[in-house]
Amino acid sequence: MTTLRIEHAVTDYGTWKAAFDRFADARRQAGVLRHRIHRPADDPRYVLVDLDFATRAAAEGFLGFLRTRVWAVPENAPALAGAPETRILEPAENSAQEPRPAG
């Protein structure tokens, strides 16, 4: 699995999230298998988005779409503050731990 990580500042999270949600079909058509949105605990005006794809080519293709059709058009990215930073990540190690029962 390949992950496209996107990080950027936003002027307003609610406005940004509404714009993000408008592109749900585009993400699905591009092969996004799952997404995760994180916000730093000490900075509500910053987001980190992980988009998972089956292949690196799919991630690269969607990144091109974001650069040319979303981020380049202010109406499509109304709360974007500055230029997004992106990285395409390949897994190096994965570990999952079973939750421990309380008590």
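Is Gly 14 buried, exposed or partly exposed? With a relative accessible area of 45%, Gly 14 counts as partly exposed. Its place is in helix α1, and that helix will occupy much of this presentation. Before going further, I should state that the model under discussion is predicted.

Let me begin with the overall architecture. The protein contains three helices and four strands. In sequence order, these elements follow the pattern β-α-α-β-β-α-β. Along the principal axes, the C-alpha atoms fill a box of roughly 50 × 35 × 20 Å. There are 103 residues in the protein, and 26% of them are buried. The protein exposes about 6,900 Å², of which carbon and sulfur atoms supply 49%.

Two further global values may interest this group. Taking the contacts between residues at least 6 apart in sequence, 67% join residues at least 24 apart. As for the charges, the protein has 14 positive and 14 negative ones, and the mean positions of the two sets are 3 Å apart.

I now turn to the aromatic residues. How many aromatic pairs does a search of the whole structure find? The search finds five. One of them joins Tyr 13 and Trp 16: the ring centres are 5.6 Å apart and the planes stand at 35°, so this pair is tilted. The cut-off matters here, because planes must be under 30 degrees apart to count as stacked. Both residues lie in helix α1, which covers residues 13-22, and they are three residues apart, about one turn of the helix. Tyr 13 is partly exposed, at 22% relative accessibility, whereas Trp 16 is buried, with a relative accessible area of 9%.

Trp 16 also takes part in a second pair. The rings of Trp 16 and Phe 20 have their centres 5.2 Å apart and their planes at 25°, so this pair is stacked. Trp 16 and Phe 20 are four residues apart in helix α1, a separation of about one helical turn. Phe 20 is buried, as is Trp 16.

Two arginine residues accompany these rings. Which ring does the charged end of Arg 39 sit over? It sits over the ring of Tyr 13, at 3.9 Å from the ring centre. Arg 27, for its part, lies over the face of Phe 20, 3.7 Å from the centre of that ring.

Elsewhere, ring pairs link Phe 23, Phe 53, Phe 62 and Phe 65 into a cluster.

Let me return to helix α1 for one further residue, Ala 19, which is found in that helix. Ala 19 is buried, with a relative accessible area of 5%. Setting aside residues up to four places away in sequence, Ala 19 touches Asn 76 and Pro 78. Ala 19 and Glu 7 are 12 residues apart along the chain, and their C-alpha atoms are separated by 15 Å. For Gly 14, with which I opened, the corresponding distance to Arg 56 is 30 Å between C-alpha atoms, across 42 residues of chain.

The last part of this talk concerns strand β4, which spans residues 80-89 and includes Ile 88. Ile 88 is partly exposed, its relative accessible area being 25%. Which residues does Ile 88 contact, leaving aside its neighbours within four places in sequence? The contacts are Thr 2, Thr 3, Leu 4, Arg 56, Ala 59, Glu 60 and Leu 63. Between Ile 88 and Leu 63 the C-alpha separation is 9.2 Å, and the two are 25 residues apart in sequence.

Thr 86 also has its place in strand β4. With a relative accessible area of 22%, Thr 86 is partly exposed. Not counting residues up to four places away in sequence, Thr 86 touches Leu 4, Arg 5, Ile 6, Leu 63, Arg 67 and Trp 71. Leu 4 and Leu 63 therefore appear in the contact lists of both Ile 88 and Thr 86, where contact means heavy atoms within 4.5 Å. Thr 86 and Phe 62, the latter a member of the phenylalanine cluster, are 24 residues apart in sequence and 12 Å apart in space, C-alpha to C-alpha.

To close, I return to the rings of helix α1. Tyr 13 and Trp 16 form a tilted pair, and Trp 16 and Phe 20 form a stacked one. Arg 39 sits over Tyr 13, and Arg 27 lies over Phe 20.

Note on methods: Residues numbered from 1 in each chain as written. Predicted model: local features only at pLDDT ≥ 70, side-chain atom pairs only at ≥ 80, totals over all residues. Heavy atoms only, no water. Phe/Tyr/Trp six-rings, centres within 6.5 Å; stacked < 30°, edge-to-face > 60°. Helix = DSSP H or I, 4+ residues; strand = E, 2+ residues; numbered from the N terminus. Buried < 20%, exposed > 50% of the residue type's maximum accessible area, 1.4 Å probe, protein only. Lys NZ or Arg CZ within 6 Å of the ring centre and 35° of its normal. Areas by Shrake-Rupley, 256 points an atom, 1.4 Å probe, with all protein chains shown as cover. Lys, Arg positive; Asp, Glu negative; His and termini not counted. Charge placed at Lys NZ, Arg CZ, Asp CG, Glu CD.
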